[in-house]
Amino acid sequence: MERRRFRRPRLRLNVKASIGSQPIGHVLNLTDEGICLTGRGVPPSQIQPLRLDLPIALYGQREVAVMATPCWHDYLPNGHWRGGFHLQVDDNAASILTTLAGRYGDV
């Protein structure tokens with residue numbers, strides 16, 4: 001998988017990522033076009049619908065649904081994986097992700 005590094009704000013909030021009802025990891029950083037996740041086990045290897053569970057409500061929403069296409073992943077010495085995903089989002093999800101990164105991301 002091709003690894004491309006874009007500057008994304010690292011989040012200061014704990015945003016959980018799930019496939020269906022199964023948690024897969026946490027968001028490290030994001031934009032409205034891409035996301036870096038970390039988790040345990042095996043990272044997603046094909047396009048997947050992801051649910052991002054927000055610890056606070058943004059625009060009245062506590063979760064955001066996106067489609068995530070894996071771009072790269074690697075395994076860390078502590079047994080976790082880290083992976084980059086391209087996101088396909090609707091306008092509402094893009095607004096929420098942009099606000100999330102702008103308010104709670106370190107640049």
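The exercises below concern a predicted model and work through selected residues, their surroundings and their salt bridges.

**Exercise 1. Determine where Asp53 lies and which residues distant in sequence it is in contact with.**

Step 1. Begin with the secondary structure: Asp53 belongs to strand E5, which covers residues 48–58.

Step 2. Set aside the neighbours within four places in sequence, and the contacts of Asp53 that remain are with Asn14, Val15, Lys16, Ser18, Arg62 and Glu63.

Step 3. For a separation in space, take Ala65, which is 12 residues from Asp53 in sequence and lies at a C-alpha to C-alpha distance of 9.0 Å.

**Exercise 2. Decide which partners Arg51 has in salt bridges, and where these partners lead.**

Step 1. Take Asp53 as one partner: it forms a salt bridge with Arg51, with the closest N and O atoms 2.8 Å apart, and the two side chains also make a polar contact at 2.8 Å.

Step 2. Turn to Glu63, whose salt bridge with Arg51 has its closest N and O atoms 3.8 Å apart, a value that falls within the 4 Å cut-off for a salt bridge.

Step 3. Place this second pair in the secondary structure: Glu63 lies in strand E6 (residues 61–75) and Arg51 in strand E5, so the pair ties together parts that are 12 residues apart in sequence.

Step 4. Compare the relative accessible areas, which are 25% for Arg51 and 44% for Glu63; Arg51 is partly exposed, and Glu63 is partly exposed as well.

Step 5. Join the pieces: through salt bridges that share partners, Arg51, Asp53 and Glu63 form one network.

**Exercise 3. State how many salt bridges the model has, and describe the one between Arg82 and Asp74.**

Step 1. The count for the model comes to 4 salt bridges.

Step 2. In one of them, the side chains of Arg82 and Asp74 meet with an N to O distance of 3.3 Å.

Step 3. Arg82 has a relative accessible area of 26% and is therefore classed as partly exposed.

**Exercise 4. Establish whether Thr99 is buried or exposed, and name its contacts beyond its sequence neighbours.**

Step 1. Locate the residue: Thr99 sits in helix H1, which runs over residues 91–104.

Step 2. Apply the threshold: the relative accessible area of Thr99 is 13%, and because buried means under 20%, Thr99 is buried.

Step 3. Once neighbours within four places in sequence are left aside, Thr99 is in contact with Leu58 and Tyr59.

Notes:
Residues are numbered from 1 along each chain as its sequence is written. This is a predicted model: local features need pLDDT of at least 70, side-chain atom pairs count only at pLDDT 80 or more; totals for chains, interfaces and linings use all residues. Side-chain values use heavy atoms; hydrogens and water are left out. Helices (H or I, at least four residues) and strands (E, at least two) are DSSP runs, numbered from the N terminus. Contact means heavy atoms within 4.5 Å. A polar contact is a pair of N or O atoms within 3.5 Å; within protein, one must be able to donate a hydrogen and the other to accept it, and residues adjacent in sequence count only if both atoms are side-chain atoms. Buried means under 20% relative accessible area, exposed over 50%, partly exposed in between (1.4 Å probe, protein chains only).
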